[in-house]
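Colleague: Please take me through one part of this model closely, after a short view of the whole chain. I am still new to this vocabulary, so explain each term when it comes up.

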Amino acid sequence: MIPKGVILFCLVLFLAPITKTGGARATDTARIECFKLLLCYTTVENNRSAWLSLQNDFPFPIRISLELTGHNTEPGKFALNLPLPAGGKQVLFSLRAKRGTNWYYRWTSEVHPDFPFTGHDPELLYDLPFAAQHAFPVSQPPGGQLSHFGPQQWAIDWAMPEGTEILAAREGRVIATRKNSDQGGPNESSKGEENFIWIVHPDGTVGNYLHLQKDGVVVSVGDAVHRGQLIGYSGNTGFSTSPHLHFHVSSARKTGPAFQSHPVNFKNP
Ligand SMILES: [Zn+2]
């Protein structure tokens, strides 16, 4: 028996939030959705059950958290926070509908590279991620209501023209990039479409440089970068209301959400 309505809502946070919203009838279906290119969720649904798995094709371990809420399902509530090695695949949940009922479920998930975190030094000064003479205005501060809340509460956006040189705010190693997207806009559907650079720092935190322009990445995975090094060019890709750079520094968590952001102090704020 097919329930009258089965609705799946997914909110996936991977450093920057990614939202996927869709509707699905509970026919026998399998659906694969990939985020950041290398992080692929497979949803399998049929009349009476659903399950979700995650494949980590990044060449580094990740930490994943997930919260599930189901209506007329077993389980009805579920949460996890667990590690997933490079190349690993993990079933995140499996649920069944209660007999003879309409049922639906929703889940939210957050994922973060899982490098050893040695502690955030609040005294450490970062460089601005652009040439200081520009003095670009902050378009969304930490705690900003549009998207800087929850794990991303310490993120900061600067409004700047597309094509502005982006410089490494701190030394580290490039662990992931994307530069092939030309998609972006003010709608939730654009989440996950941004070009980006992630740099892991000596303390295990990750610097996130988001919304870069198409082909606006000039470093490669594995590169060691120094402060002030040109790493890319700003843009307006992904969920973005106007050209800007989003920057935050984050680390993995072993409980609750898979990551947290940290307050960052700059030499030239
Ligand atoms: Zn932002």
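**A strand covered on both faces**

Modeller: Among the contacts in the chain between residues at least 6 apart in sequence, 66% join residues that are at least 24 apart, where two residues are in contact if their C-beta atoms, placed from the backbone, lie within 7 Å. Please keep in mind that this is a predicted model, in which local features need a pLDDT of at least 70 and side-chain atom pairs count only at pLDDT 80 or more, while totals for chains, interfaces and linings use all residues. Residues are numbered from 1 along each chain, as its sequence is written.

The term pLDDT stands for the predictor's confidence in each residue, on a scale from 0 to 100. The chain averages a pLDDT of 87, and 89% of the residues score at least 70, but over residues 1-26 the value stays under 50, although the model has 63 contacts beyond four places in sequence for them. Where pLDDT is low, the predicted coordinates should not be read in detail.

The secondary structure comes to zero helices and 24 strands; helices (H or I, at least four residues) and strands (E, at least two) are DSSP runs, numbered from the N terminus. Of the 269 residues of the chain, 41% count as buried. A residue is buried if 20 or more other C-beta atoms lie within 10 Å of its own, exposed if 12 or fewer do, and partly exposed in between, with the C-beta atoms again placed from the backbone.

The part I have chosen is strand β22, which covers residues 244-252, and nine of its nine residues are buried. If you follow the strand along one side, you meet H244, H246, H248, S250 and A252, and on the other side L245, F247, V249 and S251, so that both faces are covered.

Now consider what pairs with β22. Strands of a sheet pair through backbone hydrogen bonds, either parallel or antiparallel, and here two strands are said to pair if DSSP finds at least two bridges between them. Strand β13 (residues 156-159) is joined to β22 by four bridges, and these two strands run antiparallel; one place to look is I156, whose bridge partner in β22 is F247. Strand β18 (residues 206-217) also runs antiparallel to β22 and is joined to it by five bridges, with V206 having S250 as its bridge partner. Strand β23 (residues 259-261) pairs with β22 in the antiparallel sense over three bridges, and in β23 it is Q260 that stands opposite S251. The hairpin of β22 and β23 has six residues between the strands, and G256 takes a positive phi near 65° there.

From β22 you can step towards the interior through Y209, which is in contact with L245 and F247. Leaving aside neighbours within four places in sequence, the other contacts of Y209 are P129, I166, F196, I197, I231 and G232. Y209 is also among the residues that touch the most other members of the largest nonpolar core, together with I64, I166, I197 and L212; this core has 46 residues. A nonpolar core is a set of buried Ala, Val, Leu, Ile, Met, Phe, Trp, Tyr and Cys residues joined through C-beta atoms within 7 Å. Strand β18 gives the most to this core, with five residues. The core also draws at least three residues from each of domain 1 (7-113) and domain 2 (125-266), whose bounds come from an automatic or database domain assignment.

For contrast, look at an open sheet elsewhere in the chain, where five strands follow the order β3-β4-β5-β9-β7 with antiparallel pairing. Its edges are β3 (29-35) and β7 (73-74), each of which has a single partner strand, so one side of each is left without a neighbour in the sheet. Within this sheet, β4 (residues 39-45) and β5 (residues 49-56) pair over seven antiparallel bridges, one of which sets Y41 against L54. S49 is found in β5, and S49 counts as partly exposed because 15 other C-beta atoms lie within 10 Å. The C-alpha atoms of S49 and R96 are separated by 4.2 Å, although their places lie 47 residues apart along the chain.
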